[in-house]
Amino acid sequence: MILDRLAREVEALIFASEEPLSVQQLCEYTGSGEDSIHQALDRLNKSFMDQQHAFTIVDVAGGFSIATDSEFGGVVSQLFEGRKPGKLSRAALETMAVVAYSQPCTRMAIESIRGVNCDSAIRTLLERDMIKISGRMETPGRPLLYSTTKAFLAYFGLSNLDHLPRFDEVEELLGMSSSEMEERDLFGSGKE
């Protein structure tokens, strides 16, 4: 497939950008409409697939980014073994889950759900840019409100918060054994 000028411009913009680019940004940079951008994205992904490239354009964190095919995750991860960021503690993960599902929410709301002080976990998540201060609640004392960031979406490969697992899906996963979870294609890799 021979790509037209617009598809190549979109490819160049997404490749050169350090962050996912939204459709609106791609429209602004190319001077094209949204339909044309979506068609260009489809042509690019079809071209990558037809030519058996090891990457694709993915919808993540409210924009589009080039990513390697999950099929090659194992081999590519070797490049980053020495650069892995430290793991988040269980407290930080629980705090992040509360913020993700209840946002915007206050520290007091997080602590009432978790039942423990969350100052350290909140500080860690703010430092790692996984959550942000998104305003103040209009109540006495005007406590800070916390929300997730684009970095949170990008880290988990989500295009938006609607793609978070539903509570019934989480309960189903928690009830599965590890072998059942391995058999189930949780991330849609398409492997048989």
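Buried means under 20% relative accessible area and exposed means over 50%, with partly exposed in between. The exercises below apply these classes to a predicted model.

**Exercise 1.** Describe the salt bridge between glutamate 9 and arginine 5, and classify the accessibility of each residue.

*Solution.* Begin with the side chains, which meet in a salt bridge at 3.1 Å, N to O. Next, locate the pair: both residues lie in helix α1 (residues 5-16), 4 residues apart, about one turn of the helix. Finally, arginine 5 is exposed because its relative accessible area is 63%, whereas glutamate 9, at 26%, counts as partly exposed.

**Exercise 2.** Characterise the packing of helix α5 against helix α6, and identify a salt bridge between them.

*Solution.* Start from the geometry: α5 (residues 90-102) and α6 (residues 107-114) pack at an angle of about 115°, with their axes 10 Å apart, and their crossing is right-handed. Then list the contact, in which Ala91, Glu94, Thr95, Val98, Val99 and Ser102 of α5 meet Ile110, Ile113 and Arg114 of α6; by class, this contact has 5 nonpolar, 2 polar and 2 charged residues. The side chains of arginine 114 and glutamate 94 meet in a salt bridge, 3.0 Å from N to O, and since arginine 114 lies in α6 and glutamate 94 in α5, the pair ties together parts that are 20 residues apart in sequence. Arg90, Glu94 and Arg114 are linked in a network of salt bridges.

**Exercise 3.** Determine whether threonine 106 is buried or exposed, and where its side chain reaches.

*Solution.* Threonine 106 is placed in the loop between α5 and α6. Its relative accessible area is 8%, so threonine 106 is buried. Its side chain reaches the backbone nitrogen of alanine 109 at 3.1 Å.

How values were computed
Residues numbered from 1 in each chain as written. Predicted model: local features only at pLDDT ≥ 70, side-chain atom pairs only at ≥ 80, totals over all residues. Heavy atoms only, no water. Axes fitted to C-alpha atoms, helices over the stretch in contact; angles between N-to-C directions. Helix = DSSP H or I, 4+ residues; strand = E, 2+ residues; numbered from the N terminus. Left-handed = near helix turned anticlockwise from the far one by under 90°. Contact = heavy atoms within 4.5 Å. Nonpolar A, V, L, I, M, F, W, Y, C, P; charged D, E, K, R; others polar. Buried < 20%, exposed > 50% of the residue type's maximum accessible area, 1.4 Å probe, protein only. Polar contact = N/O pair within 3.5 Å; in protein donor to acceptor, adjacent residues only side chain to side chain. Salt bridge = Lys/Arg side-chain N within 4 Å of Asp/Glu carboxyl O.
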